[in-house]
Amino acid sequence: MNYESLLAELAQRPDRAETSPVLLVPYMWIGDFVRCHTVVRVLKDRWPQRPVDVLTTSLCAPLVDYMPGVRQGIVFDLPRGKISPKHERALAARLRAEHYGASLVMPRTFKATIAPWLAGIPQRTGFIGEMRFGLLNDWRRGERALPRMIDRCAALALPANIELPMDWPEPQLHVPQAEIDTWRQARGLTGKTVVALAPGAVGPAKRWSYYPETAKALTAKGFEVWVIGGPNETPAAQAIVAAAGPGARDLTGRDLRDGILALAAADLVISNDSGLLHVSAAIGSPTIGIFGPTSAWHYAPLNPIDAIIETKTTVECRPCHKPVCRVEHHRCMRDIPEAEVTATALQVLSKAGLAAAELRAP
């Protein structure tokens with residue numbers, strides 16, 4: 001079944017006119033959080049009159065401001081690595097005040113279901129996961145049989161046992177041009193064509209080895225280079241800037257909004273398989289993704305990107321999907337040469353008609 005056929009079927013269902021709000025509990029990693037905007041779109045297609053709210057951490061909260069179809073983000077930072085009854089009760093009190101008619105719990109953890117249950121949300125949908133019978137009252141089976149994360153997440157926005165499409169709506173992040181322009185001017189970032197580099201990733205195995213060399217090659221050709229990421233990426237950013245010289249800027253920091261605006265402002269983004277790859281793709285910026293230990297079929301953005309780069313050599317342990325290289329040679333990333341990434345970047349920029357010396361409009 002394709003998605004249009006699915007929508008035609010859903011339009012005939014008697015609950016089409018439902019108006020009670022829905023709470024979405026997404027994964028709280030940046031990339032997975034972006035992916036879950038597809039679920040928002042499916043919910044709005046299924047129930048056009050139901051407001052959709054998204055539970056979010058402080059880290060991911062800026063993303064909600066750019067997600068069409070989301071009424072509000074419920075920002076709440078639960079303690080990590082443990083269950084805190086005090087915090088769960090406080091979150092449940094906030095949720096109860098919104099009078100949700102349904103909640104969709106994406107993560108499989110027991111912890112993710114506690115607050116919606118305490119809040120008394122009438123319908124609590126999710127996969128069985130960590131033996132969550134009772135906390136969920138619309139529990140689903142068959143999660144492991146679904147091939148991609150997006151299939152597992154979006155399935156929860158549909159009736160049980162319905163045939164799933166493969167062509168889900170893509171995540172969207174709409175960043176106003178006026179906000180981008182104001183951000184650039186406030187930081188003095190006007191001028192040449194910009195290539196943004198996102199060298200971070202969860203786990204060292206997913207980090208490509210030659211960002212400093214690519215940055216140097218790009219600045220030598222007159223392009224401006226921005227390095228984007230969180231505070232953990234600052235040491236890598238400093239090494240890249242040191243290699244590339246005055247044409248490079250370190251824009252890493254704690255505020256994800258800065259990263260979102262930088263990715264929206266860039267003429268090209270080069271990223272590992274990371275959260276920022278999904279942010280860039282959902283914004284619609286020209287994007288190149290570098291994949292090593294992970295499978296692009298499983299983990300590339302649902303949005304189309306300009307190029308996926310993987311090693312052309314045979315690496316028998318790939319894909320391992322591990323955050324740390326178990327065999328310690330890291331060939332799945334080290335065998336991707338700087339020259340290939342730089343050449344691909346130049347091709348994408350040339351196709352877009354962008355030259356290094358071209359000035360951006362103020």
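1. The central sheet. In this predicted model, six strands form an open sheet with parallel pairing, in the order β3-β2-β1-β4-β5-β6. Strands of a sheet pair through backbone hydrogen bonds, and the pairing may be parallel or antiparallel.

2. The edges. Strands β3 (72-75) and β6 (138-140) stand at the edges of the sheet. Each has a single partner strand, so one side of β3 and one side of β6 are left without a neighbour in the sheet. From one strand to the next, the twist averages 20°.

3. The β2-β3 pair. Strand β2 covers residues 52-56, and β2 pairs with β3 in the parallel sense over four bridges. A residue pair to look for here is Val54 and its bridge partner in β3, Gly73.

4. Helices across the sheet. Helix α3 (residues 37-46) lies across β1 (22-25), β2 and β4 (102-105), and runs at about 160° to β2. Helix α5 (residues 85-96) lies across β1, β2 and β3; the angle between helix α5 and β3 is about 160°.

5. A pocket. Rolling a probe the size of a water molecule over the atoms shows where empty space is left. The second largest pocket has a volume of about 160 Å³. Its lining includes Phe127, Arg140, Arg141, Gly142 and Leu146, and also Ala155, Leu158, Pro159, Ala160, Asn161, Ile162 and Leu164.

6. Character of the lining. How do the residues lining the second largest pocket divide into nonpolar, polar and charged? Eight are nonpolar, two are polar and two are charged. Arg140 and Arg141 are among the lining residues, and β6 spans 138-140.

Conventions. Residues are numbered from 1 along each chain as its sequence is written. This is a predicted model: local features need pLDDT of at least 70, side-chain atom pairs count only at pLDDT 80 or more; totals for chains, interfaces and linings use all residues. Side-chain values use heavy atoms; hydrogens and water are left out. On a 1 Å grid over the protein atoms alone, a cavity is a set of points where a 1.4 Å probe fits but cannot get out, and a pocket is an open set with protein on both sides within 12 Å along at least five of seven lines; lining residues have an atom within 4 Å of a point. Grid points are joined across faces, edges and corners, and a volume is the space filled by probe spheres set on the points. Ala, Val, Leu, Ile, Met, Phe, Trp, Tyr, Cys and Pro count as nonpolar, Asp, Glu, Lys and Arg as charged, and the others, Gly among them, as polar. Two strands pair if DSSP finds at least two bridges between them. Helices (H or I, at least four residues) and strands (E, at least two) are DSSP runs, numbered from the N terminus. Axes are lines fitted to C-alpha atoms, for helices over the stretch in contact, and angles run from 0 to 180 degrees between N-to-C directions. Contact means heavy atoms within 4.5 Å.
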